[in-house]
Structures are given as C-alpha cells and as structure tokens.
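Work through the exercises below with the structure at hand. Each task is followed by a solution in steps.

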Amino acid sequence: MSQPVVMSRLIGRKLWLIALALVLAVSVGLMPSASRAASSTAAPKPTIVLVHGAFADASGWNAVAAGLQKRGYTVYAPANPLRGLTSDAAYVRSFIATIKGPIIMVGHSYGGAVITNAATGNKHVKALVYIAAYALAKGEAVGQANALGGAAPSLLLSHIVVRPFAGAAKGDADAYIDPAFFRQVFAADLPAKQAALMAAEQRPGSLSSLAQPSGTPAWATIPSWYLVAHDDNAIPPAAERAMAARAHAHTVEIDSSHVAMISHPSVVTKLILNAARS
C-alpha cells in the first residue's frame with residue numbers, strides 16, 4: 001500500500017475521532033441545561049404562614065422564621081388580632097387569600113384554633129402544623145378543648161388578670177397572665193429575664209375567644225402535623241395529644257414548655273419542613 005493512501009486513511013480516522021469527541025462534548029454540555037429545565041418545572045416552595053396565639057406576638061416566631069428563610073422559604077407572621085375566634089379567623093383568611101401558590105399554615109396555642117378555621121375552603125393550603133395548639137372540632141370552643149383526654153384543669157386558668165377594653169361587648173374583657181406567674185405558666189424553660197420581658201410585653205386575648213365555637217375544621221381535609229409540649233402548663237398535654245390523635249396528625253412530643261417555638265426552634269422548624277416537603 002502506498003504511503004499517500006496510508007496517510008489519507010490515518011487523517012480520515014483522526015477526523016472521525018475528532019468529530020465523535022465534538023458530539024460527545026456537545027451532548028455532555030447539554031445535560032446541565034436539561035437538568036435545569038427539569039428543576040425549573042418542579043413544584044414551587046410553599047409560603048409559610050406563622051400565626052401566634054394569645055399572650056404573645058409574632059416575635060415569638062423569630063428563630064423559626066429565620067431558619068425557614070435561610071432555607072429559601074417565603075415566611076409571613078401576621079399579627080393575630082386576638083379579638084375573638086370568628087373575627088380572627090376571618091382576618092387571617094383574608095390575609096392568606098392574597099398569597100399565590102401553595103401555603104403551609106402554622107399555629108401556636110390559640111393560633112391553632114385560628115388556622116383551623118382560616119384554612120377551611122382554601123385549596124392552596126397544603127398542610128397545617130400545630131405547635132402546642134388548639135386543633136378544634138366543629139362546634140368546640142377553646143375552653144372545652146382544655147378538658148380533652150381527661151386532662152386536669154390548666155394552670156393558666158388560675159392566673160388570669162382581667163382588664164376592660166374600649167368597645168368590648170357586655171361581659172367581655174381582655175385576659176392577661178399575671179406577670180408573677182407568667183414564666184411558670186407560659187415559658188418555664190426560658191431564662192427568667194427573657195420570660196419577664198415577655199410577661200411585660202404580652203398581648204391579651206379577649207375572654208370571648210374562649211367561648212366562641214369553631215367552624216368546620218380544616219384538618220378534616222388537610223394533612224396536619226402536631227408538636228405536643230410535654231411540660232406545657234397552659235394547654236394540658238393530655239388535651240394536646242387528644243387533639244392530635246383525632247386530627248390524625250403526624251405527631252412528635254418533646255420536653256418543652258408552652259413556647260416550644262422559642263425554647264426548641266430547631267425542632268419546630270424541622271416539623272414545619274417535614275410538612276412543607278410532604
């Protein structure tokens with residue numbers, strides 16, 4: 001075979017190998033784009049709405065909200081009016097109606113009663129998370145729920161201070177926790193100085209909130225998660241367990257006072273993330 005023919009074949013083979021390498025390089029280069037296209041069609045992260053209860057305000061969610069934001073979630077913690085279950089739920093219902101996309105609602109204490117009513121009928125709410133909270137049944141009031149599970153009377157009821165407020169209906173008034181007993185009742189696992197500040201800054205709830213019956217509960221149709229605070233002196237732990245059980249909630253129980261979102265923010269954040277990722 002002549003040398004020119006051999007050289008021609010070698011050159012042709014080299015060109016073929018170069019062409020093959022270029023095809024492979026282009027294919028590999030396209031893979032990240034395809035991956036990005038797939039991720040762009042993935043379901044959006046839900047918006048997390050945190051609802052506080054009585055004797056507190058939205059700042060109680062600070063550590064939890066920061067942890068969720070760090071993970072890329074949009075978080076809202078609206079001010080719960082604390083004027084009565086019907087009107088409070090209506091306010092929060094109107095708030096979440098402005099949010100686009102999936103929503104996870106989280107309620108602490110009385111805030112649980114509010115999300116139980118506010119989420120009903122909203123197709124965007126994908127999960128409910130109760131943090132030592134009231135997951136009321138239809139027709140049930142907060143005061144009644146405290147006796148569920150054969151629970152002993154709440155220590156909270158023995159340390160309420162009542163003050164009038166302008167425009168209150170006859171027989172209604174604002175309820176505060178006596179500051180001298182605030183830490184024992186509400187935040188026993190927090191430092192004394194922190195609990196003292198919370199006692200001084202507490203937001204009262206109207207007495208009427210205790211007696212207003214709940215409407216159709218959202219947990220009847222929306223999956224729920226529940227954190228039982230084993231050392232809770234505000235809502236009896238036995239009542240919390242009973243409410244979690246009838247809601248068929250994914251339940252965890254920890255050694256915590258009533259304000260688990262402050263004393264155990266990582267545990268609360270993890271529970272919310274479990275609901276969000278479900």
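Buried means under 20% relative accessible area, exposed over 50%, and partly exposed in between. The model is predicted.

**Exercise 1.** Find how many salt bridges the whole structure has, and classify the burial of Arg246 and its partner.

Step 1. A search of the whole structure gives three salt bridges.
Step 2. One of them joins the side chains of Glu140 and Arg246, at 2.3 Å from N to O.
Step 3. Glu140 is in the loop between strand E4 (125-133) and helix H5 (142-145), while Arg246 is in helix H8 (residues 237-246), so the pair ties together parts 106 residues apart in sequence.
Step 4. Arg246 has 25% relative accessibility and therefore counts as partly exposed. Glu140, with a relative accessible area of 10%, is buried.

**Exercise 2.** Locate the salt bridge between Arg83 and Asp174 and state whether each residue is buried or exposed, or in between.

Step 1. The side chains of Arg83 and Asp174 meet at 2.6 Å, N to O.
Step 2. This pair links distant parts of the chain, 91 residues apart: Arg83 is in the loop between strand E2 (75-76) and helix H3 (85-96), and Asp174 is in strand E6 (residues 174-177).
Step 3. Asp174 is buried at 7% relative accessible area, whereas Arg83 is partly exposed at 32%.

**Exercise 3.** Identify the residues of the positive surface patch and place Arg277.

Step 1. Lys45, Lys70, Arg71 and Arg277 form the patch.
Step 2. Arg277 lies in helix H10 (residues 265-277).
Step 3. The relative accessible area of Arg277 is 59%, so Arg277 is exposed.

Conventions: Residues numbered from 1 in each chain as written. Predicted model: local features only at pLDDT ≥ 70, side-chain atom pairs only at ≥ 80, totals over all residues. Heavy atoms only, no water. Patch = residues over 30% accessible without salt bridge, like charges linked within 9 Å, V, L, I, M, F, W, Y side chains within 5 Å. Areas by Shrake-Rupley, 256 points an atom, 1.4 Å probe, with all protein chains shown as cover. Salt bridge = Lys/Arg side-chain N within 4 Å of Asp/Glu carboxyl O. Lys, Arg positive; Asp, Glu negative; His and termini not counted. Charge placed at Lys NZ, Arg CZ, Asp CG, Glu CD. Helix = DSSP H or I, 4+ residues; strand = E, 2+ residues; numbered from the N terminus. Buried < 20%, exposed > 50% of the residue type's maximum accessible area, 1.4 Å probe, protein only.
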